[in-house]
Each structure stands twice: as structure tokens, then as C-alpha cells.
Amino acid sequence: MRRIDALQVLVEGTADLPVVVTCAATSRELAAIADRPNHLYLLDSMGLAGSVATGVALGLAGSAIPRVVAIEGDGSLFMNPNVLATGGYLRPDKLLLVLLDNAVYGSTGDLPTYSARIDLGALAAAAGWSVRQAADPRTLRAEFAKALEPGGPAFLHVRIEPGNASGVPKLLEDPVVIGRRFRDWLASR
Amino acid sequence: MTSPYAAAVAQGIWASGAELVGYVPSVGVAPVITALGRPDLVFPLSREEEAMGVIGALPLTGRFGAVVMQDNGFGNALTALTTFNVSYHLPLLIVANIRGGLGEYNSMIHSFSQHVPALLDRLGVRVFDLDRRSGPADWEDVVAEAGAHARMTFRPVVVLAQFWATDGKTA
Ligand SMILES: [Mg+2]
């Protein structure tokens, strides 16, 4: 399963949920599958998707929205693994972090991350997240559905193959427009 | 006894409209956190860049928050602050204790903190200064008005507060 295959499954499951997505290839590929107002693309804030999703989840506490989905990469999460400790400490009820783990920095020449030796899912579990795993589209669909059930921060560890989809255009939208579109979508829920 | 300056900053933060407050610990910030109370709404964050992401995201949900930190933490925060809060036009109140000013005993902290006002200015982040030349009532008003300024300009706004040589000297 490549990143774009995993994103295809996540697109099917997130039509009615806010999605905060990490920068570069992941944002581009998600937008190429479906560019929707419930997507908040972080165009250049590597490592911040989990933190932003934590803030959105805290801000939506008490709202009717059941889950806030962060789509993060392994290189990006290793850049800010504090997301795991903070999520475990604050325990935002609606937070679901989906980690697309290909063990490389997929947007920067496929250099290896720590992922071959360090299990980010185990780190999340140690911090108190409920952790699920998937490595193929069918399991991902099933585990994602289970991870949507309410209750505390959830972590879905998805093992994917390295490799970016070809022919995907750059995402050149003004971040202010992306943010406003996301905010308006949330306000309309 | 709570320092009147710390209490004024805390009252100003609540008066600014902040609904949640994230802080990165500092000895100068601690009396403000104590004065803020409300542990259900006030919580620690591990690092300043994380604070920019977590508290900075609140306006996307129609809410508003504040970060309390010390000024040398802007070194950690700058990339998140510019690529997220500034680029997405997200209002945020940041109240930072100055470590780089008169009376600071820690020699190496000046190497960064001395340059914080100029760095923030270069990035186009609005800064309001507070020091011993005004009293607690002015501190409270400036902090509260800085929050309104952040929302009015759709941008993060920083208050640099020099507790040294106020009643916060022991901090
Ligand atoms: Mg990767």
C-alpha cells in the first residue's frame, strides 16, 4: 500500500470530519484525490499537524463533531514527538492521529527516518494513546472505523511503502484561503 | 502573596478574551500561572513551537487563546509562528517574560533574548512592551488590549513584559 492508496481510504472515511494534514507530498496527494473544505493543509509547518489537530480537538470539545483527524508522516512526527506526550497528558477526547509510516522522509529524497528501529506506535501507547495498526487498505478501512469510536486520543499506525504518486501538482493555494475555508466548514457543522 | 504585576497579567489575559491558556514553564512565568488559576483551562505545553500549533489553532474553531512563555522561547517558536500563525492569519495572544533586559543575571540568555524585539519586528509580528515604568493597572490593560488587537488584525500579537525591577524581582 502506497501513501496515495492509504489516503484514498481515508478520504472515503472523512467526508464529515475535520482533517489536519502534514505538508508537502501528503497534502498534495490528498488534495489530488479530493480537495475539500474540511481539509486543513499545513503547507510548510513540518511536525505541527499533530499539535494543530490537538488545538482543533480542544477547541471543538463540547461540539457535535465526533473526531478531529490528523494525517501525519513518520519523519514529521519524529521532528515533534512531543505531540505524543502532550496528547497523552491533555487527553483530547476527539483527537485521532493517523500516522502514514513509510520509514523515510518521503518529501525530501527518501532519506531514512528512525522508524526502522523505533516504533512510533509503541511510543504513542506508552504515552497513553489507544493504538491500532494497519498495513493494507482493507485493514485500514476497518481499523479507521474502529478508531472513530469516541474516547480519548487514538493513534492509527499505518505502514505504507515509500514512494510518491506521480503527476500530482503542487499545492499553491494561499494559506489564508485554506484556513478560512476550513473555519467556515467547521462553523457550518 | 501573589505579586500585583503577576496578578495584573493574569487578569489581563482573562480580560483579553482568552478561553484557553497554554504555558511553557519559566520561573518568571510561574507567578502568572498561579494567578491565572483554572487548571481546567490553563495547561502546560512541552515547547514553544508546540504552543503555537495547539493554542494557535483555536481560532479555526471560533475560539481564542493565549500562550505564556519566556522570551528566549521565541527561538523554538519562530518557524511555527511564521509558517502557521502568521501565514494563516490566526489571532493569538502571546505574553512573554523578558529575560534579556536590565538586571538579568544569566549572561548567556542575553545572546538570544536581546534580539527578540528586533527579530519579531523583522517578521512583522506586533510587539507591545511592559516594564517598571508603568504600574499593574497599565499592565493589565495592555495585556487585555493586546488580545483585542490580535483579533482585530487577525495576527499573533506579543506582549514582552519585564518583571525584573517590578515586584517580580525575586522571580
Ligand atoms: Mg515518511
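Trainee: How many salt bridges does this predicted model contain over all chains?

Mentor: In this predicted model, the count comes to 14 salt bridges over all chains. The criterion is a distance: a side-chain nitrogen of Lys or Arg must lie within 4 Å of a carboxyl oxygen of Asp or Glu. One of the pairs is A:Arg3 with A:Glu29, whose side chains meet at 3.0 Å, N to O. That pair links distant parts of the chain, since A:Arg3 belongs to helix H1 (residues 3–13) of chain A and A:Glu29 to helix H2 (residues 25–33) of chain A, with their positions 26 residues apart.

Trainee: Are A:Arg3 and A:Glu29 buried or exposed?

Mentor: A residue counts as buried under 20% relative accessible area. A:Arg3 is buried because its relative accessible area is 4%, and A:Glu29 is buried as well, at 1% relative accessibility.

Trainee: Which parts of the chain does the salt bridge of A:Asp35 and A:Arg181 tie together?

Mentor: The side chains of A:Asp35 and A:Arg181 form a salt bridge at 2.8 Å, N to O. A:Asp35 lies in the loop between H2 and strand S2 (39–41) of chain A, while A:Arg181 lies in helix H8 (residues 175–187) of chain A, so the pair ties together parts that are 146 residues apart in sequence. A:Asp35 is partly exposed, with 44% relative accessibility, and A:Arg181 is partly exposed, with 26%.

Trainee: Where do A:Arg180 and A:Asp184 lie, and how many residues apart are they?

Mentor: Both are in helix H8 of chain A, 4 residues apart, which is about one turn of the helix. Their side chains meet in a salt bridge of 3.0 Å, N to O, and A:Asp184 is partly exposed at 38% relative accessible area. Elsewhere, salt bridges that share partners join A:Asp101, A:Asp119 and A:Arg159 into one network.

Trainee: What is the size of the interface between chain B and chain A?

Mentor: The size of an interface is often given as the accessible area lost when the parts come together. Here chain B and chain A bury about 2,000 Å² between them, and 67% of that is on carbon and sulfur atoms. In chain B, the residues that lose the most area to chain A are B:Glu50, B:Leu60 and B:Tyr88, together accounting for 32% of what that side buries. The contact draws 23 residues from chain B and 27 residues from chain A.

Trainee: How many salt bridges and how many residue pairs in polar contact are found across this interface?

Mentor: The rule finds 0 salt bridges across the interface of chain B and chain A, but 8 residue pairs in polar contact, with both residues at pLDDT 80 or more. Strand S2 (42–44), helix H3 (48–54) and helix H4 (74–86) of chain B are the elements that give two or more residues to the side of chain B that touches chain A. H3(B) gives the most, with 4 residues, and the residues of that side of chain B divide into 12 nonpolar, 7 polar and 4 charged.

Trainee: Which residues does A:Ala165 touch, leaving out residues up to four places away in sequence?

Mentor: With that exclusion, A:Ala165 touches A:Arg2, A:Ile4 and A:Glu29. A:Ala165 is found in the loop between strand S8 (154–159) and H8 of chain A, and it counts as buried because its relative accessibility is 17%. The C-alpha atoms of A:Ala165 and A:Arg2 are separated by 8.3 Å, although these residues are 163 residues apart along the chain.

Methods:
Residues are numbered from 1 along each chain as its sequence is written. Chains are lettered from A and ligands numbered from 1 in the order in which they are written. This is a predicted model: local features need pLDDT of at least 70, side-chain atom pairs count only at pLDDT 80 or more; totals for chains, interfaces and linings use all residues. Side-chain values use heavy atoms; hydrogens and water are left out. Buried means under 20% relative accessible area, exposed over 50%, partly exposed in between (1.4 Å probe, protein chains only). Contact means heavy atoms within 4.5 Å. Buried area is the accessible area (1.4 Å probe) that two parts lose on being put together, summed over both. A polar contact is a pair of N or O atoms within 3.5 Å; within protein, one must be able to donate a hydrogen and the other to accept it, and residues adjacent in sequence count only if both atoms are side-chain atoms. Ala, Val, Leu, Ile, Met, Phe, Trp, Tyr, Cys and Pro count as nonpolar, Asp, Glu, Lys and Arg as charged, and the others, Gly among them, as polar.
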